[in-house]
Amino acid sequence: MPPKQQKTKKNKKAVDLPENDKDKEEILENIKITEQNDELKSEIDSLDQFKFQKEEVNNPIKKTRKQKLQIEYEQSVNKVERASRKKLLDKNIDEDDKNQKQQTNNQLDNQNGNEEKSEQVKNQSEENNNQNEQKKKGKYNCRENYEEIYSLIKGYRDTHTAPVDTLGCDLQGDESLPTNDRNFQKLMAIILSVQTKDETTDLVMKKVVKEKITIDKAVEIPSSELKEIIKQVNFNGKKVEYIKNAAEVIKNTYNYVIPDQYEDLIKIKGIGPKVANLFLQCAYNKTVGIAVDTHVHRISNRLEWVSTKTPEQTRIELEKLLDKKYWEDVNNLLVGYGQSVCKPQNPQCQICPVKDKCPEGRRRLKGKKKI
Ligand code: SF4
């Protein structure tokens with residue numbers, strides 16, 4: 001009987017087993033050894049493969065070569081890519097530069113345009129302002145704007161002294177005399193100052209004080225002697241007459257007390273509105289009207305505050321025009337201004353703070369420019 005074929009897990013070929021047990025065990029033992037050898041071989045192959053891979057990875061030469069190739073490849077790729085990118089970048093930069101330049105040019109153009117427009121607008125604005133100013137000047141009405149004119153002239157007067165500020169009638173007379181005689185000397189100074197410079201009036205008043213001209217002495221002194229004392233002032237003959245008459249009225253009618261009422265004063269021969277108003281201010285600190293002398297009359301007409309022929313007409317018109325708060329100071333203001341700037345013959349319009357507003361000043365300056 002042939003031996004049974006026995007299949008093994010590793011070796012599928014049929015093995016004819018002998019009949020006896022000893023041979024059978026020997027064959028099975030050989031098969032087992034063979035199978036173990038196959039497993040070992042497989043394991044060794046596996047280990048060799050692993051070893052090869054391990055060597056390949058750990059081999060510095062292979063690694064260097066591989067890395068070198070990889071780097072060269074990467075460099076090659078990057079080089080192409082960089083070149084491409086650089087080209088694109090350069091193109092973009094050029095476009096950006098171009099756009100930037102264009103934008104800058106546009107901005108500069110706009111800026112220049114705006115500056116030109118701004119300059120044009122500015123010039124136009126200045127021109128309009130000048131035209132408006134010219135129109136304003138042309139239409140400027142000193143009478144309607146008398147307060148502005150007053151303020152501008154006052155600004156000048158506040159910083160410039162005139163003779164009236166140190167030699168005015170309010171500063172004249174012997175202060176040591178009794179009130180009535182002291183007031184009488186003030187009245188004399190005002191009468192003497194009419195149509196006379198303050199310097200001359202001051203000179204004459206020094207002689208009056210020295211000669212102790214009181215109310216009684218003015219009544220008693222011969223006209224010729226008084227005329228000799230006051231001979232430097234204009235119209236000295238008439239003024240002797242006025243002074244002696246006033247002294248007699250004050251002594252005899254008012255018992256040495258000079259009236260403090262305007263209406264009483266102007267009844268006395270030789271005392272007109274200007275003298276009366278100034279005296280009331282100087283002696284009694286009363287302001288009931290505007291004292292108008294030749295300076296006030298002239299300047300008021302030059303400014304076209306009034307249009308009058310005589311100082312008395314000017315007084316009436318000024319008292320209608322000016323607010324009462326200006327009445328007390330307007331005489332001193334304009335007398336001093338007439339002495340220093342708005343002089344009778346040659347007004348100093350060039351330095352006048354109202355030269356661009358004053359009709360007379362504009363006429364005079366325009367005429368001088370033509371010359
Ligand atoms: S501009 Fe001349 S005229 Fe007129 S107020 Fe001045 S100084 Fe007098």
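Helices, by the definition used here, are DSSP runs of H or I with at least four residues, numbered from the N terminus, and the expected span of a helix is 1.5 Å times one less than its number of residues. The model is predicted, so local features need pLDDT of at least 70 and side-chain atom pairs count only at pLDDT 80 or more, while totals for chains, interfaces and linings use all residues. Residues are numbered from 1 along each chain as its sequence is written, and side-chain values use heavy atoms, with hydrogens and water left out.

**Exercise 1. Helix α11**

Task: Compare the length that helix α11 reaches with its expected span, and find which of its residues are buried.

Solution: Begin with the extent of the helix, since α11 covers residues 273-284 and has 12 residues. From its first C-alpha to its last it reaches 16 Å, which is close to the 16 Å expected at 1.5 Å a residue. Next, look at burial, where buried means under 20% relative accessible area, exposed means over 50%, and partly exposed lies in between, with a 1.4 Å probe and protein chains only. In α11 the buried residues are Lys274, Val275, Ala276, Asn277, Leu278, Phe279, Leu280 and Gln281. Then ask what covers them: the cover includes α5 (179-193), α10 (262-265), α13 (311-321) and α14 (327-340). Finally, step past the end of α11 to Asn285, which follows the helix and has a positive phi, near 55°.

**Exercise 2. Salt bridges**

Task: Find the partners of Arg157 and Glu360 in salt bridges, and decide for each of these four residues whether it is buried or partly exposed.

Solution: Side chains of opposite charge can pair when their charged atoms come close. The rule applied here asks for a side-chain nitrogen of Lys or Arg within 4 Å of a carboxyl oxygen of Asp or Glu, and the structure holds 16 salt bridges. Arg157 pairs with Asp165, and their closest N and O atoms are 2.9 Å apart. Arg157 is buried, with a relative accessible area of 8%, whereas Asp165 is partly exposed at 29%. Glu360 pairs with Arg364, with 2.7 Å between the closest N and O atoms. Both residues lie in helix α15 (residues 359-370), four residues apart, which is about one turn of the helix. Glu360, at 19% relative accessible area, is buried, and Arg364, at 30%, counts as partly exposed. As a last step, note that Glu175 forms a salt bridge with Arg182, at 3.7 Å between the closest N and O atoms, and that Glu175, Arg182 and Lys186 are linked in a network.

**Exercise 3. The nonpolar cores**

Task: Name the residues that touch the most other members of the largest nonpolar core, and say which element gives the most to this core.

Solution: In soluble globular proteins, nonpolar side chains tend to be buried together. A nonpolar core is a set of buried Ala, Val, Leu, Ile, Met, Phe, Trp, Tyr and Cys residues joined through side-chain atoms within 4.5 Å. The largest one has 35 residues, of which Phe184, Leu187, Leu192, Val208, Ile230 and Ile243 touch the most other members. The elements that give two or more residues to this core are α5, α6 (198-210), α7 (215-220), α8 (223-229), α9 (236-252), α10 and α11. Among these elements, α5 gives the most, with seven residues. A second, separate core has 31 residues, including Val292, Leu303, Leu322 and Val341.

**Exercise 4. Aromatic pairs**

Task: Classify the ring pair of Tyr146 and Tyr326, and locate both residues along the chain.

Solution: A pair of aromatic rings is described by the distance of the centres and the angle of the planes. Rings of Phe, Tyr and Trp (its six-membered ring) pair if their centres lie within 6.5 Å, and planes under 30 degrees apart count as stacked, over 60 as edge-to-face and the rest as tilted. By this rule the count comes to five aromatic pairs. Tyr146 and Tyr326 are 5.8 Å apart, centre to centre, with 80° between the planes, and the pair is edge-to-face. This pair links distant parts of the chain, for Tyr146 is in helix α3 (residues 146-157) and Tyr326 is in the loop between α13 and α14, 180 residues apart. Tyr146 is buried, with a relative accessible area of 11%, and Tyr326 is buried, with a relative accessible area of 11%. Ring pairs also link Tyr146, Tyr150, Trp305 and Tyr326 into a cluster.

Note on methods. Contact = heavy atoms within 4.5 Å.
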